[in-house]
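User: I'd like to go through this structure with you, piece by piece. Here it is.

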Amino acid sequence: MIERRRLGLLAGLTVGAVLLAACGGTEKAVTTKQAASVTLGMDQEPDTLFAGIGSMMARTEVLGAAQTLLVRENDKPEFVALAAESKPTIANGGAKFVGTGTDRHLEVTFKIKTHNWQDGKPVTAEDARFGWLLYLDPKFPASARSAAEKLWDLQAVDAKTIVAKFMSEAQAVQASKGQHPVLKDPSEFADYKEWAGKGPVVDPLYFTFGDFLYPRHLLKDIAPDKMAKSDFASKPVYNGPYKVKEWVKGQQIILEAQDNFFLGTPKIKNMVFKFVKDSSVMIAGLRAGELDVATQIGLDLDNKPELDPLADRFNIHLIPGTKWEHIDFNLDDPVMKDIHVRRAIAYGINRKTIIDNLLYGKSEIANAFIPDWHPYYKPNAAKVVKYTFDVAKAESELKDAGYAKGADGFMAKGGTKLKIRLQTTGATLRKQTAQLIKDDLKKIGIDLELEFLVPKNFFAQSPPGPLHGRTFQMGMYTWLASFDPDAEGLYLGSHTPTKANAWAGSNFPGYNGADDLIQQADLKAENVVDESKRIPLYGQILQKWTTDLPVFPLFLRVSPMVARKDLKNFRPTKTSAPETWNSWEWEMPAKT
Amino acid sequence: MRQFILKRLGQSALLLFLISLLVFGILQLVPGGPLDNLAFSNPKVTPEQLHNLEKLLGLDRPAHERYFTWALGVLHGDFGSSWTVYYGRPVLSTILGRLPLTLELMVISTVLALLIAIPVGILAAVRQYSRLDYAVTALSYFGISMPVFWFGLMMIVLFAVELRWLPTSGVQTPITGGDAVDLLRHLILPVTVLSIFNVAQFSRYIRSSMLEVLKQDYIRTARAKGLIERFVILKHGLRNGMIPLITLLGLELPVLFSGAVITETIFSWPGMGRLFYDAIVQTDWPLVQGILLFSALLVLIGNLFADVMYAVVDPRIRY
């Protein structure tokens, strides 16, 4: 009798224990209820949502959530395969040189992951070929056709396999004569006119050259010149985690999560991009709980004092990014062509003071045309010549240039005072920076005259402003650095604007001191596609460039990005990737 | 009157033609173009690609050819396509898309301002030099002098951020909003900010005008006849006192359609004012031309309306 009771008690206790354990296990499995939507504020509205048209960052932000590229840059920076099975490289055999002699060319193979467009139709290689042909159609207003033009062909080998075939040397010459199989106009291949003897055409970002994915089934019946006006431009269908549900012009764009997104169902059901023109109102929106994120195109560093009180609820990211403020020296100017004068200016400007006083100490000194976090800079850091603030060195350089201090405190040579003009735009930060520079240079005896111009006039090409027309002595502005350092575009001698080339080109200083190295690093195929060769070449370019000092880098610009502290997996980016590139991974609890 | 209206319509057509020439011509003189940003932000864009994009925008044709194409299109209701603000979208539909929200904001704030300003102005005139009169005068000066930008931000901080009674900006709450209450909540702050300035302005006009009218002989006669004071002021005084206000309202008509760029910017209200500002900043000349021509048309209609209303209000005026 007693034993039965004991057994019964034991059984009861066992069942109870099992039930308790199950309850405990169930509690662990319960997930936090996710917010129904995440609202991002930006002060720009896209001009279109048709990928490939226009150049606004606002469009890039929205497409970061709506579109998934085969291979894309993330926030680190590195290039990762998303819609492709893997990133095709020379090293893993995904890219290879084929053929010999002048027929030798680069072929890059992409394998598309099995996934669908947002209307349920499968994404296929034919969609990429369609997109490539669209880019080459002169009636399609592509904002940058350069990538598409480097290809002789883009083939859909099967439903999942794309082969991008870059031009061989022979094909480049043919293209310049109007013999390209698709695009006939020789002016489109002006760069390839003298390609003979230069080897195959390649690109350092060759592993992104399958990214012409468009839903062919939706666009094939629309004429290319009508596409920008079509409904697709306002309510597109792509292959990303969020689909555009509604674009209320002037107000917001609403996107909804795609349950079957192939990289994982987004946790947050809706994403809203709200256009808020005024930065103070954007901050008010954050404070009032109407905005969860202020993107990098909503605020600037001047807003930091207003943002600081939000630090208990928001992460305020102040990350020096890809934009570098700098001063170009016109190397054809009689004063600026003297290296001693340029070095004097470099040693004489206290960049740390500028950063501390104007940028809240949140920026970094720039030492080259590549930011120091860039994979091309880090291994070459020791080769970069750095100009640390040193008044004594500055004055010594001016003495070496033959200048002596006059009674008025300014340097002079042959009876002529050392007076230099710095031209820039009238933006507040530029004005303040220019003033600090003027004060610094006054201390070493340089009389700096400041001229502030409207951006349209300062950057004008036709008729040429001071930069394109090369009438400046010192010009201060910002360049946007990208993963490809592109020394060729900025500092190859033949890219200097002249009257003969209608003032085209971006080499405003007129620098040609590193032409040989740049041609090897940016124009010789084997080097361009092989980072083990290209990075050391860039080390030599950086050393030559910083020694010759055609440009004096100042600092990296900082764009604040603000996000709720409980928004998980939000990755603020220092690269050109939008913050939304990994939006399917975001998690944010519902407000209680 | 009919002849007068027809004559004015004919003059207006000629004026519009001259204005279109002026608008088009001035914009050609502005340096730079819609592709400047693209050219500068991406050194890889070649001159050939820029030239192709210019061709697609029609910029490779001479100015006079572009003007005639545009003017002919306008006569057929085609104001061209946006270059940069909404790439490729028709200018007319872009303008018309912004019009309802502009009218909503401007008409409500103007009507509200009138409903407040008219009785306040009359009271201030009738009780001249009283405490009420001084208070109205002081508040009017405050309303006229206060920067709209600052006042709008203060309202947002107080009512939206601190009290959380109202939203900070926009027309409606995304996704969950759109009902009448939500739309009304979003209207309150921008309408209040706009109305304050209009109340101040209108009440000053009414007060001055009524003070002039109340000194007239016919007002003394009406009182001597034994009419009640309210009847004297509203029937005899106000009708004459409204004439300057009608002039003002006639000139306000274009403003109803062109919006208020500062208020629209602060409250992210997508009206015509903000559209115009964006079009200028982004060098979207077809959109700028379209808006300016539209505004010119409204100014002409507004002036005609004011002149016709004079004749309605004041029987002594005949054309």
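User: Let's start in a strand pair: in S10(A), which residue is the bridge partner of A:Ile254?

Analyst: Quick note before that: this is a predicted model, where local features need pLDDT of at least 70, side-chain atom pairs count only at pLDDT 80 or more, and totals for chains, interfaces and linings use all residues. Residues are numbered from 1 along each chain as its sequence is written, chains are lettered from A and ligands numbered from 1 in the order in which they are written, and side-chain values use heavy atoms, with hydrogens and water left out. Strands here are DSSP runs of E with at least two residues, while helices are runs of H or I with at least four, numbered from the N terminus. In S10(A), A:Ile254 has as its bridge partner A:Val272.

User: How many bridges does S9(A) make with strand S10 (residues 270-275) of chain A?

Analyst: Two strands count as paired if DSSP finds at least two bridges between them. S9(A) and S10(A) run antiparallel, and the number of bridges is 5.

User: And on the S8 side, which turn residue of the hairpin has a positive phi?

Analyst: Strand S8 (residues 242-248) of chain A pairs with S9(A) in the antiparallel sense over 6 bridges, one of the partnerships being A:Lys243 with A:Glu256. The hairpin leaves 3 residues between the two strands, and the one with a phi of about 85° is A:Gly250.

User: Is S9(A) largely enclosed or not, and how many of its residues are buried?

Analyst: Buried means under 20% relative accessible area, with exposed over 50% and partly exposed in between (1.4 Å probe, protein chains only). Strand S9 (residues 252-257) of chain A is largely enclosed by the rest of the structure, because the buried count among its 6 residues is 5.

User: What about the sheet with S13(A): which strands are its edges?

Analyst: The order is S13-S14-S15 in chain A, an open sheet with antiparallel pairing. S14(A), residues 411-413, is joined to S15(A) by 2 bridges, and A:Lys413 stands opposite A:Thr416. Pairing on one side only marks the edges: S13 (404-405) and S15 (416-417) of chain A.

User: Over to chain B: why do the buried residues of H3(B) sit on the same side?

Analyst: In helix H3 (residues 47-57) of chain B, the buried ones are B:Gln49, B:Leu50, B:Asn52, B:Leu53 and B:Leu57. They share a side of H3(B) because, going by directions from the helix axis to the C-beta atoms, they cover an arc of only 160°.
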